[in-house]
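Dear colleague,

I am passing on the structure we spoke about, with some notes on its helices below. Please read them with the coordinates open beside you.

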Amino acid sequence: MSKQIQVSGLDAYYGAHKAIEDVSMTIEPRSITAFIGPSGCGKSTFLRTLNRMHEVIPGARVEGKVLLDGEDLYGSTVAPVSVRRMIGMVFQRPNPFPTMSIYENVAAGLRLNGRVAKSQLDGIVEESLKGANLWNEVKDRLGKPGAGLSGGQQQRLCIARAIAVKPQVLLMDEPCSALDPISTLAIEDLMAKLKDEFTIVIVTHNMQQAARVSDRTAFFNLAAQGKPGKVVEMDETSRMFTNPTEKATEDYITGRFG
Amino acid sequence: MTTTTTSTIQHISTGRRVKDKLVQGLVYLAFGLAVVPLVSVLWLVIQNGLARFDMEFLTHSMRNIGARDAGGGAYHAIVGTLEQVLLASAISVPIGLLTAIYLVEYGNGGRLSRAISFFVDVMTGIPSVVAGLFILAFWILVLGMPFSGWAGAMAVSILMMPTVVRSAEEMLRLVPTDLREASYALGVAKWRTIVKVVLPTALTGIITGVMLAVARVAGETAPVLLTVFFTDSINFDPFSGPQMSLPLYVFDQAGRPNDTAIDRAWTGALTLILIVMLLNLVARLIAWWRSPARGR
């Protein structure tokens with residue numbers, strides 16, 4: 001249930017401002033792809049174009065093609081809602097629904113999209129929480145509010161919520177940037193486990209994290225402030241971190257700028 | 001960097017200490033002054049109203065009771081007030097809430113939403129007597145409809161609507177964008193996101209806003225006087241015939257020269273305050289019951 005993403009000639013705009021330009025890449029199934037690069041270079045924007053979340057912002061639009069196993073996500077008749085059901089997303093800051101319990105949070109995606117039998121729902125909730133390595137910590141208080149968990153637990157709750165709808169692809173936008181090292185480790189372990197089932201794309205500012213978890217890495221950069229961001233280089237992570245082709249990649253990875 | 005750095009630890013001077021205490025004292029004084037009218041109004045109403053606050057007052061109307069007679073009650077006015085406020089809420093809460101949802105979720109600061117915002121502000125400034133005159137002129141004089149509780153409800157709903165829109169709008173704007181995005185990212189449609197995620201999150205605040213609006217219109221006299229007319233008898237049907245309402249009852253009784261009537265006016269005012277408090281309590285209970293934060 002894991003799919004390949006092919007992007008070709010993608011531009012993304014915020015109103016008149018072009019945020020990213022001419023991005024083309026292939027994201028392989030059952031693998032973790034990391035996006036690295038300095039702040040404001042368009043990594044998150046690009047990530048959000050992959051499940052049509054970019055256009056949620058007023059004035060934002062996209063040109064180009066994103067193919068999910070050959071099917072264009074930006075086809076004129078495609079419903080963005082169905083795209084987002086197939087391509088899930090975890091955000092930078094944990095954002096559980098404050099009015100819902102832990103159980104309801106995990107079940108939210110299914111419940112809000114239609115009726116699901118209670119017995120079936122119980123199974124999916126348990127499976128998703130186990131999948132997110134959170135089950136043992138919360139199994140005795142599923143009815144308690146999701147907002148009462150710690151930051152790291154909340155983020156895993158959000159991951160459980162995202163995988164409960166059984167997406168093909170999981171997009172993660174700096175999922176560990178608000179977490180302590182122990183919670184970060186928990187999420188990284190989880191990602192290694194999830195990649196057997198999902199295509200995972202992660203944006204990160206933490207180079208060590210990219211090196212630790214990802215199979216392939218793309219380096220984004222922008223020529224100058226105000227110019228659109230571009231992909232400078234994309235390759236196997238091991239190669240990117242040991243022997244990059246581009247000078248800019250090497251400078252960034254070795255900490256000479258950014 | 002042009003900040004000057006000092007090499008010694010600075011101490012708070014006596015002058016600053018004195019100023020601090022002075023301002024603190026002024027703040028307490030201002031608070032005390034603000035509380036004086038509130039407490040004195042409550043005190044006066046309770047003191048003068050308790051005398052006639054009995055079962056007869058709550059269960060009888062003023063039918064066949066003259067100004068000089070003892071006894072009589074405000075049952076007809078309580079029924080009228082409750083029905084009129086309920087009807088007014090039924091008109092203005094849906095319209096106000098939908099308007100607020102449009103402004104926050106769909107308007108995007110476009111021309112229409114700016115126009116709506118402007119007219120809501122204008123509506124906020126409408127004097128209550130003008131709202132009453134409008135319904136009197138349009139509904140009763142032009143269309144030839146009779147005085148009724150329904151006409152009164154329409155008049156006060158004009159006053160309620162902008163309050164509901166403004167408070168609901170504020171509460172909806174407080175809901176973080178993160179939550180909407182989290183819902184969209186699960187493949188939930190926009191309208192479902194609004195109904196299932198945004199509104200429940202803002203519910204407590206919206207209820208508080210609605211209750212403030214209810215409290216305001218429950219005490220309106222002028223628009224009710226012009227549209228509901230008044231009566232001494234019980235009229236359960238807000239759609240036909242004159243009704244009564246508590247502010248109107250107070251106004252009517254207080255205008256009579258006898259102690260018995262004046263007493264009834266005070267008790268009417270006390271009843272009105274209690275009804276508004278009770279409605280508030282019920283709304284809080286509903287909000288508490290709906291919120292999961294209490295844990296189950």
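Is H6(B) largely enclosed by the rest of the structure or not, and how many of its 26 residues are buried? Before I answer, please bear in mind that this is a predicted model. Of the 26 residues of H6(B), 23 are buried, so this helix is largely enclosed by the rest of the structure.

H6(B) covers residues 149-174, and at 1.5 Å a residue it should span 38 Å, which agrees with the 36 Å that separates its end C-alpha atoms. There is a kink of about 35 degrees in H6(B) at B:Ile158, shortly before the proline B:Pro162.

H1(B), in turn, is hardly covered, with a count of one buried residue among its 36 residues. This helix takes in residues 14-49 of chain B, and at 1.5 Å a residue a span of 52 Å is expected, in agreement with end C-alpha atoms that are 52 Å apart. H1(B) also has a kink, of about 25 degrees, which lies at B:Val35, shortly before the proline B:Pro37.

Lastly, a helix pair in chain B: the axes of H7 (residues 177-185) and H8 (residues 190-218) come within 10 Å and cross at roughly 155 degrees. Because angles over 145 degrees count as roughly antiparallel, that crossing makes H7(B) roughly antiparallel to H8(B). The contact is made on the H7(B) side by B:Leu179, B:Arg180, B:Ser183 and B:Tyr184, and on the H8(B) side by B:Thr193, B:Val197, B:Val198 and B:Thr201. The crossing of H7(B) and H8(B) is right-handed.

With best wishes

How values were computed. Residues are numbered from 1 along each chain as its sequence is written. Chains are lettered from A and ligands numbered from 1 in the order in which they are written. This is a predicted model: local features need pLDDT of at least 70, side-chain atom pairs count only at pLDDT 80 or more; totals for chains, interfaces and linings use all residues. Helices (H or I, at least four residues) and strands (E, at least two) are DSSP runs, numbered from the N terminus. The expected span of a helix is 1.5 Å times one less than its number of residues. The bend at a residue is the angle between axes fitted to the seven residues ending there and the seven starting there. A residue is buried if 20 or more other C-beta atoms lie within 10 Å of its own, exposed if 12 or fewer, and partly exposed in between; C-beta atoms are placed from the backbone. Axes are lines fitted to C-alpha atoms, for helices over the stretch in contact, and angles run from 0 to 180 degrees between N-to-C directions. Angles under 35 degrees count as roughly parallel, over 145 as roughly antiparallel, 65 to 115 as roughly perpendicular and the rest as oblique. A crossing is left-handed if the near helix is turned anticlockwise from the far one by less than a right angle, and right-handed if clockwise. Two residues are in contact if their C-beta atoms, placed from the backbone, lie within 7 Å.
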